[in-house]
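Subject: Handing over the model

Hello,

Here is the structure I promised to pass on to you. Have a look at it first, and then read on for what turned up when I went through it.

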Amino acid sequence: MAFRLVTNYASYIMNNNPFYRIPYYPEFNRFSPDTAEMAIQMLLKESHDAVEQLERSCKPLWQEMVVPLYEAERHLSIAWSLLHHMLSVANSAEWRSVEEELQPKIISFYQRVGQSKRFYEMYCAIRNSDEDAQDAVRQRILSKIIQAAEHSGVALDVNQQMEFNELETELGRLATKFNNNLLDARKAFSLTLTDVGEVAGLPADLRAITAAAARDAGSSAATADNGPWRITLDYAVYAPFMKHSQNREARETLYRQHVTLASHGTADNQPLIDKILALKQRKAAILGFQSAAELSLSRKMAPDVAAVYKLFDDLASASRQAMAEEQRGLLEFACANGFEEDALQPWDLSFWAERQHERLYGYSEEELSQYFQFPKVLKGMFDLAERIFNIKISESSGEVPVWHDDVRFYKVFDQDDNYIACFYLDPYSRPATKQGGAWMNDFRTRERSSDGAVQLPMAVMCCNQSVPIEDQPSLMRMGEVTTLFHEFGHALQHILTSIDEPMVSGINGIEWDAVEIASQFMENWCYEKNTLKSISAHVVSGAELPDELFEKIVLSKNHLSATAMMRQIFLSATDMDLYARYPASKWSTPNDVKCENARKYDYPMIDDDRFLCSFAHIFGGGYSAGYYSYKWSEVLSADCFAAFKESGVDNAEALRQTGLRMRETIMGLGGSVPPMEAFKAFRGRDPDIKSLLRLNGIVGRAVCERVGS
Ligand code: ZN
């Protein structure tokens, strides 16, 4: 009797726990770290038991294995993702400690499922013979799951598996060591300037930051006006210092330190680079691939290494001449303004680029932000999406619980007024509790259960834009406007899905080098005249953005764009060579690979340069043999945008037709088909790099206008 009472009480507690089996509209207002911990522990146990049971008894059938396994993880995965959401929007020591405690358990649970040999064999059998799983979408889902399992070593024999696991552990350790060395090296250097003449050109905020750094380092009397100023290699200090400091000697010192970071002494990353490259090649070989690059590309949209190199060649040959002209113009500008040598050194480039930019397009961020009132920007952005994709967005804040008073809630309806999706928007910066940057997350994915009921997709967008002051709305900087459009692009792809299989509906299942297509596509509208006018109204006069300022914004976006393009190609090609072709007889060290690419893509560099030692994207992060993804997806998003320009952005019907096509393909199909298939279905042809070159102003403006008209 007593026992029964206790179980009833426990289930009463659980059923009242807002984190346990979270309802469609989560009760954010009732969330707490305690309830999260209790619920997730319970869900872990339930999921674990369900998985064990399934592993013992499941049959190789979609309905009897894939569906119940998904169900077994469903409540756990939503609870875990909402816990992370709370960490990023309402951070506190309590939330962090719950996450830290649970994380190892969650990781080992998902590893256990992902590496189960039994499930792997079931998936293979279902792919081959279950009649319920022979359609293209389910075949793609199964292939992805099977591939992920194989890449985690599930199909290897015992000895190989042991070596594979050791490699994985060692690679994890080396990546951490690489990043730590870089941090230590960055921290170890500083340059203290004491004379006011030595900080000539630095903006007031940079003087204040560097004086504060000097105070922290022991110069208690340091002030922004009188120094001393402590200059470090933190990017937030280094980048603006290189742009603004008139002290050429200090710029050279900092530059030399910057490009040789972590290349000597106790924090030397060079031996780690050799090891990382060798181990990644070995790991790829064990899994049956020719190179680490082939392994990376097997999971991506780019078909093979050759296609990636072709992209580099095409973009470089179109940009080389334009870059030479940009650099010639920059040198002429510098010489006309007091520079007395024949050539700009690498530590001169940012400085003179910034002076040229000021001269050509001189408008201030503040002047521009007077035109971008948040409510107006939001309305213009929603109007655009409504026109292009034939939907209706209506604010329903107050109808559902939220995690902060700033958060807004919206419902999305189709052309026949059917409710099809919803999303939250958390716009403003809250430095004390909210993670920096901007992101979009999927809270719910569109899916149809066996009884035919559909769960509608639900997204969340979080930004960190300027807060409203008193009765004035948030005035957005241009960068905040483009960020909002970017995240909205991700959200639109998630909520406009037409797919009922949750593993590939919305943003799920999209290849890494294709996930930014929808987001960058939306960003491009920020530089389209009608859109920019429709989202602008001066905070005092109410006037829309003047033409003259619009022209400046577009030109300023493309200032030195060919130079930037060549730099990205240099970085991408170096990454690809290291993981696809190194080692080879023509190169004795990874540094040789870098030097060859610097020559090939005209990238200026000093002999002592060891920047690979700080290329954390590809040695300490997830971008190895994947750095090209930035350019890859930009080409596709620019080409999608060009489809709208070609059909005429002023023609409402043409816009709607093009939008409908995009909604039915790229936006609607998401991860359910190979991205190239979705792209071709939209565009009716292969991607064309010229759209990106036009958008970046690398090929002539005249061409650009012709296409636009
Ligand atoms: Zn993005």
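Let me start with the metal site: along the chain, the donors of the zinc ion follow the spacing H-x3-H-x25-E. His490 lies in helix 17 (residues 478–495), while Glu516 is in the loop between helix 17 and helix 18 (517–524), so this pair ties together parts that are 26 residues apart in sequence. Please keep in mind that this is a predicted model. The coordinating atoms are NE2 of His486, NE2 of His490 and two OE entries from Glu516, at 2.1 to 2.7 Å. Angles among the 4 donor atoms run from 51 to 136°, and the site is irregular. For your setup, here is how two of the ligands sit: His490 is buried at 12% relative accessible area, whereas Glu516 is partly exposed at 27%.

Helix 18 comes right after that loop. Of its 8 residues, 7 are buried, so helix 18 is largely enclosed by the rest of the structure. The buried ones are Ile517, Ala518, Ser519, Gln520, Phe521, Met522 and Asn524. They pack against helix 16 (374–389), helix 17, helix 24 (629–647), helix 25 (652–669) and helix 27 (690–695).

Next, the nonpolar interior. The largest nonpolar core has 144 residues, and those with the most contacts inside it are Phe423, Phe485, Phe488, Leu492, Trp525, Tyr579 and Phe619. Helix 21 (residues 561–580) gives the most to this core, with 10 residues. A second, separate core has 59 residues, among them Ala72, Trp95, Val113 and Ile499. As a background remark, nonpolar side chains tend to be buried together in soluble globular proteins.

Phe485 is a good residue to click on. Apart from neighbours within four places in sequence, Phe485 is in contact with Val377, Met381, Leu384, Ser519, Met522, Glu523, Trp525, Cys526, Thr531 and Ile535. Two of these partners, Ser519 and Met522, are among the buried residues of helix 18.

Ala72 of the second core also turns up beside Ser47, a residue of helix 2 (residues 33–57). Ser47 is buried, with 4% relative accessibility. Not counting residues up to four places away in sequence, Ser47 touches Ala72, Glu73, Leu76 and Phe109.

On the overall layout, the protein is divided into domain 1 (10–155), domain 2 (189–261), domain 3 (266–362 + 561–627) and domain 4 (379–509). The centres of domain 2 and domain 4, taken over C-alpha atoms, are 41 Å apart.

Helix 7 (residues 158–188) has 31 residues and spans 45 Å from its first C-alpha to its last, close to the 45 Å expected at 1.5 Å a residue. Its buried residues are Phe164, Leu167, Leu171, Leu174, Ala175, Phe178, Asn181, Leu182 and Ala185. Those residues pack against helix 6 (136–151), helix 11 (270–286) and helix 23 (616–619).

Phe178 and Leu182 of helix 7 lead on to Cys613, which contacts both of them as well as Leu261, Ala262, Ser263, Asn269, Gln270 and Ile273, leaving aside neighbours within four places in sequence. Cys613 is in the loop between helix 22 (590–600) and helix 23 and is buried, at 1% relative accessible area. Its C-alpha is 6.6 Å from that of Leu261, although the two are 352 residues apart along the chain.

Finally, some backbone details that you may want to check before any preparation step:

- Ala262, one of the contacts of Cys613, has a positive phi near 55°; Ala262 lies in the loop between helix 10 (248–259) and helix 11 and is buried at 3% relative accessibility.
- Asp602 also has phi near 55°, a positive value in a residue other than glycine; Asp602 is in the loop between helix 22 and helix 23 and is partly exposed at 39%.
- The peptide bond from Gly227 to Pro228 is cis, with omega near -5°, and Pro228 lies in the loop between helix 8 and strand 2 (229–232).
- Tyr582 and Pro583 are joined by a cis peptide bond with omega about 0°, and Pro583 is in the loop between helix 21 and helix 22.

Happy browsing, and best wishes!

Terms used:
Residues numbered from 1 in each chain as written. Predicted model: local features only at pLDDT ≥ 70, side-chain atom pairs only at ≥ 80, totals over all residues. Heavy atoms only, no water. Donors = N, O, S within 2.8 Å, 3.2 Å for Na, K, Ca; no water. Tetrahedral: all angles 85-135°; square planar, octahedral: opposite > 155°, others 65-115°. Helix = DSSP H or I, 4+ residues; strand = E, 2+ residues; numbered from the N terminus. Buried < 20%, exposed > 50% of the residue type's maximum accessible area, 1.4 Å probe, protein only. Contact = heavy atoms within 4.5 Å. Core = buried A, V, L, I, M, F, W, Y, C linked by side-chain atoms within 4.5 Å. Domains from an automatic or database assignment. Expected span 1.5 Å × (residues − 1).
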